[in-house]
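Let's go through some labels and ask what earns each one. Here is the structure to look at.

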Amino acid sequence: MKILVIGGTRFFGYHIVTKLLAEGHDVTLFNRGRTPDNLGDRVRRIKGDRNDRRDFREKLGRENFDAVVDMIAFVAEDDRSAVETFAGRIGHFFHISTGSVYVVTKDFPCPLQEKDFDREVVPRPGKNEDWWLYGYHKRKCEEVLGEAYQKYGFPVTILRLPIVMGERDYTLRAYSYFLRLEDGKPVILPDGGLNVFTHIYQDDIARTVSGNLLNNTAHGQAYNLAQPEILTLRSFVQEAARILGRNPDLVDVPSWVLDKSGLGTSFSPFFMRRPFVLSTEKARRDLNFSSTPFATWLRKTICWFKEDYSGGPPENYMSREREITLASRYQDEMRRFSRILESGL
């Protein structure tokens, strides 16, 4: 099959491409050509910037593809231009979306089902709004595609993802924890690390896309993809420590203390103040979705960072000394308070 991947050289987009190539498909990449890859001439390359709508339409508007996988649509206009460019010329359009489309809704439940997309959206916050803007604009992308399906039968399937894990993870969020475990110093868990979530391994996304290229029954549908295991931050860190052969000093610090101290919680990127669990019953029924066991993909991810990653630490590691100091002071204060309680005062 002739398949276009918009993006396709960073993280799980790369894994989708290599999966498609391994299955013998003819893959074309459309991107700016800024991210190095080892795909060589195994793929056809069209260089361009999708934000230049005219260039996007001119370079792709005469092409015919059996399927398109769009990795980098972030605002509604991205998808309006995609619909205009590909309508009537493709067999299947996969839009890679996010579970953040639920996070911007009021009182979102746990677990989240696809129908929860229809809940009322919370107002735009006055500050620290990046999380809201991301989820809001991805919702608008989905709305454009849903309207195109209803009006014109545009053959879209929407895949909503939680945090993606695995090899080539340029976000370095998981690496944040691996580094802290390996340096042997105390590891702070905000609110005890008891927040719950589901992640997904990159191979599971690639397998789902490749296995549903001809699945016309998925047109016009949105699907959650996620692992079945519901993790806590604490269980994630403990399993990573086990794989790394570490026995960490885990320090439970209330998030309000971290906020008051000025440190905040950004050093712990998997900490969330609300549960975030995606239900995947629909994807398992309609897409034959299956997932890699948590312990398996975590070991693979750790091995990649230890053996193949050659970049620097994540930006949040710059706060490490402040974390260590705060953890020590907090432990001292808790011991002092415990002695007061024991004395009956």
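**Charged pairs and cover**

Asp 204 and Arg 207 both sit in helix α7 (residues 202-211), three residues apart, about one turn of the helix; helices here are DSSP runs (H or I, at least four residues), numbered from the N terminus. This is a predicted model, where local features need pLDDT of at least 70, side-chain atom pairs count only at pLDDT 80 or more, and totals for chains, interfaces and linings use all residues. Residues are numbered from 1 along each chain as its sequence is written, and side-chain values use heavy atoms, with hydrogens and water left out.

Q: What makes the pair Asp 204 and Arg 207 a salt bridge?
A: A salt bridge needs a side-chain nitrogen of Lys or Arg within 4 Å of a carboxyl oxygen of Asp or Glu. Their side chains meet at 2.9 Å, N to O, so the label fits.

Q: Why is Asp 204 called buried?
A: Buried means under 20% relative accessible area, exposed over 50%, partly exposed in between (1.4 Å probe, protein chains only). Asp 204 has 1%, so it's buried.

Q: And why does Arg 207 count as partly exposed?
A: Its relative accessibility is 32%, so Arg 207 falls in the in-between class.

Q: How do you know that Arg 285 and Asp 286 form a salt bridge?
A: The N to O distance is 2.7 Å, so the pair passes the cut-off.

Q: Why is Arg 285 called exposed?
A: Arg 285 has a relative accessible area of 61%, so it clears the bar for exposed.

Notes: Helices (H or I, at least four residues) and strands (E, at least two) are DSSP runs, numbered from the N terminus.
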